[in-house]
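Student: I am new to this structure and would like a close look at one part of it, the place where a few helices pack against one another. Could you take me through it slowly, pair by pair?

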Amino acid sequence: MIISTLLGSIKDSVIEFSNEISKRVDADVLIVDNNFNVIGETVRYFSQYSEIGMDTMIGQVIVKQEKVVIADKRDFYICKKCKQIDKCQIVGFIGVPIYYEDRVIGAIAMIFPKHRISSIFQDLDYSIAFIENMAAVLVGKLKNKNENYEIKHTIKEREAILDTISDAIVLTDNFGIIQYANRKFHANMNLDQNIIGKQLQNILPHKLLEDFFETRNTFKNQKILLDLGNRTFYGFASCKLVRTKGSQSQVMFIFRSTNDLLQDASAAGKGSLVTFHWLKDYLFSNDILEQAKTISVTNDTLLIHGKSQNLNEMLAKAICNYSNRNLRGLITVYCDNVYRDLFEPFVFDEFGELQKADGGTILLHNVEHLPIYLQKKLMEFIKNRTIRNYGITKICSDVRLMFSTTQDLLQLVKQGIFLDELYYRIAENLIEIPSFNNNKEGLRNIIKSGFKFYQIKYRKEDIVLSDSAIKLLITYNWNDNINELEKVLEQIVIRNSGNVTGEDIEHMGLLKTEVEAIVSISDMEKEKIKDLLLEGYNKTQISQMLGFSRATLYRKMTEYGL
């Protein structure tokens, strides 16, 4: 702050102060700053203080930075030069400088008419001490004012800092009366009115808060769901006691939404690195990439259909990373029915995956495995985008839904094991990934790039795949199992050196013969029928699920000893 304006900054106080002194000493009082501006004055006897300069009695107090005492102005050298000396009614003057932190910021003076001279100057030391004390009192007022300003400024700074914190914070007294709440608290709790002085338990009615004010037991990261009328808050709450002056204490409550927690976790984690550029060798078609990019930039529901579970999931990751929701990452839920009673709360509860993915993207992987009752629940969520908390409170979730399947869902609809309405809702945008077994050129590229990768990893750059080896790998039926292909390529590099032929690969025994493949398929079919029987499905339902007649099912059950 500029020194010359210090006294001016408390001008109202200075004027009031001048009037009080004037009443006590029965004299006029004049207070000026070090720019010779009149800050406070009284007109008890005189009214000629409008122009103050260096060549005035009070001006000399500021210039010399010491007290000036004049019993008779006619003896004062400056007044002797004044042409108005005979008209001036001022007789006596006592002025002292006003010091603030060792610097003169102005002067305060008492000015007397003739009839007040004898009583004032009879005890001159007392009069000087009085006016010096008044100067000190004035400086005290100035310091208090500046300290209050600094305190207010500090409070504003701290409030500004608290407003940038991602947590919702509210401070109350020991009875729950709100003393302070940051901006995030107002936003998360959907509050636009002034809540200072109101009781927190009334603003946020919840047993967790009510119990605290009864027991005084602090808590940390407790799950909390608040019904706020047209919206809900779900997340975690903590509280701690904050000591203030003396033995007094306040209570700080901290609320953090699950949405904020997931955003921070997504920012801290590496996330998926799958991109369309990286995936292009596996998709074989620029048309698929362009279709995927077009859908990526929307929030539309999407179904990915392909024979390879791996490719389906990788494409979903690439779509998420290309979308506007990429910072939230992709939550993948595997729809295998082995979860049974665990699956429903895991996905649909108030703190389940659908709620956690609010603002982000979720992939329901292999959706064909969902039982009918969960298909119905999923369809209800797609319709209204809300989750019911124990059938009472509705929680909204702005999540983008993606689905993947390795089967023909429309055929499953015809068999009655997939809801037709759910199918048509999720298949509005459909991406079909062709089998890589049917694209020999694409398969060749995958084999070459994979082989080169393992060459580098195992430092065997001298190993080479012959034409016969490449032809064998291309013509082999991989059943769209990329994992199996990768395992074979790695073993070829590990076990061989130099030129590798097709015969070398056959001798390794890594590729199943047609008979082995048929046996393997039969074993899988046997296990599937056995599992369905154990799960309680009847023979009609099983035959529909597997796509053959009841007679064929009976024959196969007899063949497999079931």
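Tutor: Let us begin with helices H10 and H11, which are oblique to each other in this predicted model. H10 covers residues 276-283 and H11 covers residues 286-296, and their axes come within 10 Å and cross at roughly 140°. An angle over 145 degrees would count as roughly antiparallel, and the crossing of H10 and H11, at roughly 140°, is therefore classed as oblique. As for its hand, H10 passes H11 in a right-handed crossing. On the H10 side the residues in contact are Phe276, Lys280 and Leu283, and they meet Ile288, Leu289, Ala292, Lys293 and Ser296 of H11. Sorted by class, the residues of this contact comprise five nonpolar, one polar and two charged.

The next pair keeps H10 and brings in helix H12, which spans residues 309-322; the axes of H10 and H12 come within 10 Å and cross at roughly 150°. That angle makes H10 roughly antiparallel to H12, and the crossing of H10 with H12 is left-handed. Here H10 contributes Phe276, Trp278, Leu279, Tyr282 and Leu283, which meet Leu311, Met314, Leu315, Ala318, Ile319 and Tyr322 in H12. The contact of H10 with H12 holds eleven nonpolar residues, with no polar and no charged ones. Phe276 and Leu283 appear in the contact of H10 with H11 and again in the contact of H10 with H12.

The remaining pair is H11 with H12, whose axes lie 9 Å apart and pack at an angle of about 50°. H11 and H12 are therefore oblique to each other, and their crossing is right-handed. From H11 come Ala292, Lys293 and Ser296, which meet Leu315, Ile319 and Tyr322 of H12. By class, the residues of the contact of H11 with H12 divide into four nonpolar, one polar and one charged. Ala292, Lys293 and Ser296 of H11 also take part in the contact with H10, while Leu315, Ile319 and Tyr322 of H12 are likewise among the residues that H10 meets.

Put together, H10 meets H11 through residues including Lys280, H10 meets H12 through residues including Trp278, and H11 meets H12 through residues including Ala292. When you turn the model, you can follow each pair in this order: H10 with H11, in a right-handed crossing, then H10 with H12, in a left-handed one, and then H11 with H12, where the crossing is right-handed.

Note on methods. Residues numbered from 1 in each chain as written. Predicted model: local features only at pLDDT ≥ 70, side-chain atom pairs only at ≥ 80, totals over all residues. Heavy atoms only, no water. Axes fitted to C-alpha atoms, helices over the stretch in contact; angles between N-to-C directions. Helix = DSSP H or I, 4+ residues; strand = E, 2+ residues; numbered from the N terminus. Parallel < 35°, antiparallel > 145°, perpendicular 65-115°, else oblique. Left-handed = near helix turned anticlockwise from the far one by under 90°. Contact = heavy atoms within 4.5 Å. Nonpolar A, V, L, I, M, F, W, Y, C, P; charged D, E, K, R; others polar.
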